[in-house]
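Colleague: I have a chain on the screen and should like to go through its architecture with you. Could we take it part by part?

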Amino acid sequence: MITWMQKHRKYLVVTIWVSTIAFVGAGFVGWGAYDLNVSRASSVAKVGHRNISIQEFQNRYGQLHAYYNQLFDGQLSEKKASELGIENLALEELVNDALLLNFADDLGLGVNDEDIVKYIVADQNFYVNGKFDKELYKNTLKRARITESEYEDSLKNVILLDKLRHALNLPAKEQDINMLTASFLMQDKISMQVVEAATDEIKIDEDAVKKLWEERKNDYKTMTEFKLDTKFIPTISSDANTTELMEFYNENKNEYKGSDDKIKEFEAVKDEVLKDYNLKQTKKVALEEYLKIKKDEKQADISITTLEDNASLPIDELKSAKKGDTLKPFEYEDGYMIVKVKEIVAPRVMSFDEAKDQILELYKEQKTQETVEAKAKELLEKGFQGTDIGFISRDTVKAESGLSEGEFNIFVNRLFEKSGKKDYVSLGNKAVVYEITEQKLSNSEKEKEYKEIITQNVGYLKNNELIRDLSGALSKRYKVEYYVSKK
């Protein structure tokens, strides 16, 4: 946990970036009942003098959905997301942020253009070879179909919250550092035995598999299917002369900056300028075609059927479209694509036969875990002669006794979360039965190595607690109005 926090101390900035440009929520969240009062129609809540917009809610929901989906190895179902209360969690996070933002406003804190530039230039997500890369920044946002101004505007609240946290920062005290050091650098001498389930121990019970499907079938749905008429307009090869290209370059020269944020000379980017110029001319043609297709004056000439996992199409726009809608031209391969929606086939629950392979895998996983855990418990009851692997600490990385480095790392993390001298750790298809035979603190070299990390994270923990207490006090100071009904 300490290492994770050290690596993710810019968590707030990075996750906002991720949620803004990689929103994974399935279309607009149909959440609660909206108050359609005109002054409230674009917000989900108001805290003090600050409104929380629907877009902010969508972005935060997307951020949290992506995080939990990762924890569930990409298998987060709608039902599970609802059980976790991700929508309520997203709203409450935004309300807490808004409480702090009101407080920052009252303190006179603000954000200017220079602050925004500093944050963007410091973001390692946009670095190439150790330097900020303007092209990477622009292209990343372009692929996400977000303008630079939209992204930069989304950073304002992030930066203001960060300024407030710096203003309230509590330094780490030596006593706190020593306590966390003792906890973090404790070493355990371990005797362990790995148990597994043999393939022939997992018996397939067809009735049990069908029962499992009945219990979980709403988690197994087909993907949304789109039946589309399309029109592709390949990039035009214009015969633009140098004067025209130079004029285009001068109008858009801010788009041609190097990693040093300086505008490149025309000759250095002439080929790129020509490509962009041609693409702009192509867009004009595509827009003319789009209007004709939209008015049914012309037909899109190629019909396709695709699923919602087609990353080359603007799936979020398609999900919010209706039958008969025509999407504005979007960049596609080497040109522009126009799409007219013929039909949208909504997801449906798979039949048993369609979901059988997936259900069978889940059944096997569950039975395997049940089997290895039963074996582990039996060993603990009867006693076991484990392998002495010596002293280990939270940062020990190695393959041991049939465990890969990854499995051993999970075992170590869970081991230090437990309080018992003897227990087992489940790893899905394996279990590790262990006994702690001796404990000691790491040497002074280890303390020196982790001194900075531990000091930083003592500060993180103290200030996190401070912000939590402050938010509680601010909730009594600033009025909170919800414009949606919580689930």
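Modeller: The conversation below covers the overall make-up, one sheet and its helices, a helix pair, a hairpin and some single residues.

Colleague: What kind of model is it, and how many helices and strands are there in the protein chain?

Modeller: It is a predicted model. The protein chain has 16 helices and 13 strands. Of its 487 residues, 37% are buried. Among contacts between residues at least 6 apart in sequence, 75% join residues at least 24 apart.

Colleague: Let us take the open sheet. In which order do its four strands come?

Modeller: The order is 10-5-12-11, with antiparallel pairing. Strand 10 (387-392) and strand 11 (422-426) are the edge strands, each pairing on one side only. On average, neighbouring strands of this sheet are turned by 35° against each other, direction ignored.

Colleague: How many bridges join strand 11 and strand 12?

Modeller: Five bridges join strand 11 to strand 12 (residues 430-441), in the antiparallel sense. Lysine 422 stands opposite glutamate 435, which belongs to strand 12.

Colleague: And which strands does helix 14 lie across?

Modeller: Helix 14 (residues 352-382) lies across strand 5 (186-196), strand 11 and strand 12. Helix 14 runs at about 170° to strand 11.

Colleague: What about helix 15: which of its residues are buried?

Modeller: In helix 15 (residues 405-415), the buried residues are Phe408, Phe411, Val412 and Leu415. Seen down the axis of helix 15, they fall within an arc of 100°, so they line one face of the helix.

Colleague: Which strands do those buried residues pack against?

Modeller: The buried residues of helix 15 pack against strand 5, strand 10, strand 11 and strand 12.

Colleague: Changing topic: at what angle do helix 11 and helix 12 pack?

Modeller: Two packed helices are described by the angle between their axes and the distance between the axes. For helix 11 (residues 242-251) and helix 12 (residues 270-294), the angle is about 85° and the axes are 10 Å apart. Helix 11 and helix 12 are therefore roughly perpendicular to each other.

Colleague: Which residues meet there?

Modeller: Helix 11 contributes Thr242, Glu244, Leu245, Phe248 and Tyr249. From helix 12 come Lys270, Val273, Leu274, Asp276, Tyr277 and Lys280. By class, this contact has six nonpolar, one polar and four charged residues.

Colleague: Asparagine 278 is in helix 12 too. Is it buried or exposed?

Modeller: Asparagine 278 counts as buried, at 9% relative accessibility. Not counting residues up to four places away in sequence, asparagine 278 touches Thr235, Ile236, Ser237 and Ser238.

Colleague: Now the hairpin, please. How many residues lie between strand 8 and strand 9?

Modeller: Three residues lie between them. Strand 8 (residues 326-331) and strand 9 (residues 335-345) pair over four bridges in the antiparallel sense. Leucine 327 has valine 339 of strand 9 as its bridge partner.

Colleague: What is the phi of glutamate 333 in the turn?

Modeller: Phi of glutamate 333 is near 50°, a positive value in a residue other than glycine. Most residues other than glycine have a negative phi. Glutamate 333 is exposed, with a relative accessible area of 70%.

Colleague: And where does serine 401 lie?

Modeller: Serine 401 lies in the loop between strand 10 and helix 15. Serine 401 also has a positive phi, about 50°, although it is not a glycine. With a relative accessible area of 33%, serine 401 is partly exposed.

Terms used:
Residues are numbered from 1 along each chain as its sequence is written. This is a predicted model: local features need pLDDT of at least 70, side-chain atom pairs count only at pLDDT 80 or more; totals for chains, interfaces and linings use all residues. Side-chain values use heavy atoms; hydrogens and water are left out. Two strands pair if DSSP finds at least two bridges between them. Helices (H or I, at least four residues) and strands (E, at least two) are DSSP runs, numbered from the N terminus. Axes are lines fitted to C-alpha atoms, for helices over the stretch in contact, and angles run from 0 to 180 degrees between N-to-C directions. Contact means heavy atoms within 4.5 Å. Buried means under 20% relative accessible area, exposed over 50%, partly exposed in between (1.4 Å probe, protein chains only). The arc is that of the directions from the helix axis to the C-beta atoms. Angles under 35 degrees count as roughly parallel, over 145 as roughly antiparallel, 65 to 115 as roughly perpendicular and the rest as oblique. Ala, Val, Leu, Ile, Met, Phe, Trp, Tyr, Cys and Pro count as nonpolar, Asp, Glu, Lys and Arg as charged, and the others, Gly among them, as polar.
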